[in-house]
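Visitor: I am new to this structure. Please pick one part and take me through it closely, with its neighbours.

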Amino acid sequence: MNLPEIVPSRKLSAVVEGLFVANGDDFVTAPVGELELAYEGIPGDFHAGLTRKSGSREPWYPRGTEMRNERQLTLLSRDELAEAAAEMEIEAIEPEWIGGNITLSGIPMLSMLPAATLLFFEGGVTLKVDFQNGPCKIAGASIARNIGRPDDVGLALSFVPAAKRRRGLLAWVEKPGTIAVGEKVQARLPEQWIYS
């Protein structure tokens, strides 16, 4: 049996560019100077909770099945959002419009970080990456509303291919605490391989 190519673990550095929270009954977020994180994520946030209800992303469960919440936080890169916006032929996509909680700079292709990457924030918080966040037409509709084209279904749907592998990462809180804008972050990527 041939072993797969194994890529060693490594470390990358980043900086917290922006922080956002969804305090209402919608996923759209608003900027804040710092985030208080607990084991359930951001207390009071739209995506907070140790568990959540399954939806269309989990067809293996009946809808509404209670399951672990690996979607506590959405991490985004403004560079990737700019690439998606250019493909959609719009000026910009703001992280708030698509429910971003943290924007990070300094890591190229942020959305491609592997599952199980640990993010160590200098203030003591640790987040664990679950996986890429898949782009959906609901986020696309939010973009269309925010640029003044709420009835443009084509624009909303164009977000899905434009943001594929650029929609950021989903993460959950491994070690709670406070994150501040400007804080340094160390990303520790696990050893990687392709199981075939």
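**A close look at helix 3**

Guide: Pro-161 counts as exposed, because its relative accessibility is 52% and the cut-off is over 50%. The model is a predicted one. Pro-161 sits in helix 3, so let us stay with that helix. Helix 3 covers residues 153-162.

Begin with its distance from another point. Gly-148 is 13 residues from Pro-161 in sequence. In space, their C-alpha atoms are 21 Å apart. Gly-148 follows helix 2. Its phi is positive, near 85 degrees.

Now helix 2 itself. It runs over residues 137-146. Ala-139, Gly-140, Ser-142, Ile-143 and Ala-144 are buried there. What covers these buried residues? Helix 3 is part of the cover, and so is helix 1, residues 78-88.

How do two such helices meet? Packed helices are described by an angle between axes and a distance between axes. For helix 2 and helix 3, the angle is about 130 degrees, and the axes are 7 Å apart. That angle falls outside the ranges for parallel, antiparallel and perpendicular, so helix 2 and helix 3 are oblique to each other. Their crossing is right-handed.

Which residues make this contact? Helix 2 brings Lys-137, Ala-139, Gly-140, Ala-141, Ile-143 and Ala-144. Helix 3 brings Leu-155, Ala-156, Leu-157, Phe-159 and Val-160. By type, the residues of the contact are 9 nonpolar, 1 polar and 1 charged. Ala-139, Gly-140, Ile-143 and Ala-144 are named among the buried residues of helix 2, and these four also belong to the contact with helix 3.

Turn to the other partner, helix 1. Helix 1 and helix 3 pack at about 130 degrees, with axes 9 Å apart. That makes helix 1 oblique to helix 3. This crossing, too, is right-handed. Helix 1 supplies Ala-84, Glu-87 and Met-88. Helix 3 supplies Leu-155, Ser-158, Phe-159, Pro-161 and Ala-162. The residues here divide into 6 nonpolar, 1 polar and 1 charged. Pro-161 is exposed, yet it is part of this contact.

Leu-155 and Phe-159 appear in the contact with helix 1. They appear in the contact with helix 2 as well. There is a general point behind such spacing. An α-helix has 3.6 residues a turn, so residues three or four places apart point the same way.

What follows helix 3? One residue of the loop between helix 3 and strand 11 is Arg-166. Is Arg-166 buried, partly exposed or exposed? It is partly exposed, because its relative accessible area is 21% and buried means under 20%. Arg-166 touches Glu-80, Glu-83, Ala-84, Glu-87 and Ser-111, leaving aside residues up to four places away in sequence. Two of these partners, Ala-84 and Glu-87, are in helix 1 and also take part in its contact with helix 3. A further reference point is Arg-71, 95 residues from Arg-166 along the chain. The C-alpha atoms of these two arginines are separated by 16 Å.

Helix 1 has a loop of its own to show. Glu-89 lies in the loop between helix 1 and strand 8. Its phi is near 65 degrees, a positive value in a residue other than glycine. Most residues other than glycine have a negative phi. Glu-89 is exposed, with a relative accessible area of 71%.

Finally, the cores. The largest nonpolar core has 27 residues. Leu-37, Ile-102, Leu-119, Phe-121 and Leu-127 have the most contacts inside it. Elements that give two or more residues to this core include strand 2 (10-21), strand 9 (118-121) and strand 11 (169-175). Strand 2 gives the most, with 5 residues. A second, separate core has 16 residues. Among them are Leu-81, Ile-93, Ile-98 and Phe-159. Phe-159 brings us back to helix 3, where it contacts helix 1 and helix 2.

How values were computed: Residues are numbered from 1 along each chain as its sequence is written. This is a predicted model: local features need pLDDT of at least 70, side-chain atom pairs count only at pLDDT 80 or more; totals for chains, interfaces and linings use all residues. Side-chain values use heavy atoms; hydrogens and water are left out. Buried means under 20% relative accessible area, exposed over 50%, partly exposed in between (1.4 Å probe, protein chains only). Contact means heavy atoms within 4.5 Å. Axes are lines fitted to C-alpha atoms, for helices over the stretch in contact, and angles run from 0 to 180 degrees between N-to-C directions. Angles under 35 degrees count as roughly parallel, over 145 as roughly antiparallel, 65 to 115 as roughly perpendicular and the rest as oblique. A crossing is left-handed if the near helix is turned anticlockwise from the far one by less than a right angle, and right-handed if clockwise. Ala, Val, Leu, Ile, Met, Phe, Trp, Tyr, Cys and Pro count as nonpolar, Asp, Glu, Lys and Arg as charged, and the others, Gly among them, as polar. A nonpolar core is a set of buried Ala, Val, Leu, Ile, Met, Phe, Trp, Tyr and Cys residues joined through side-chain atoms within 4.5 Å.
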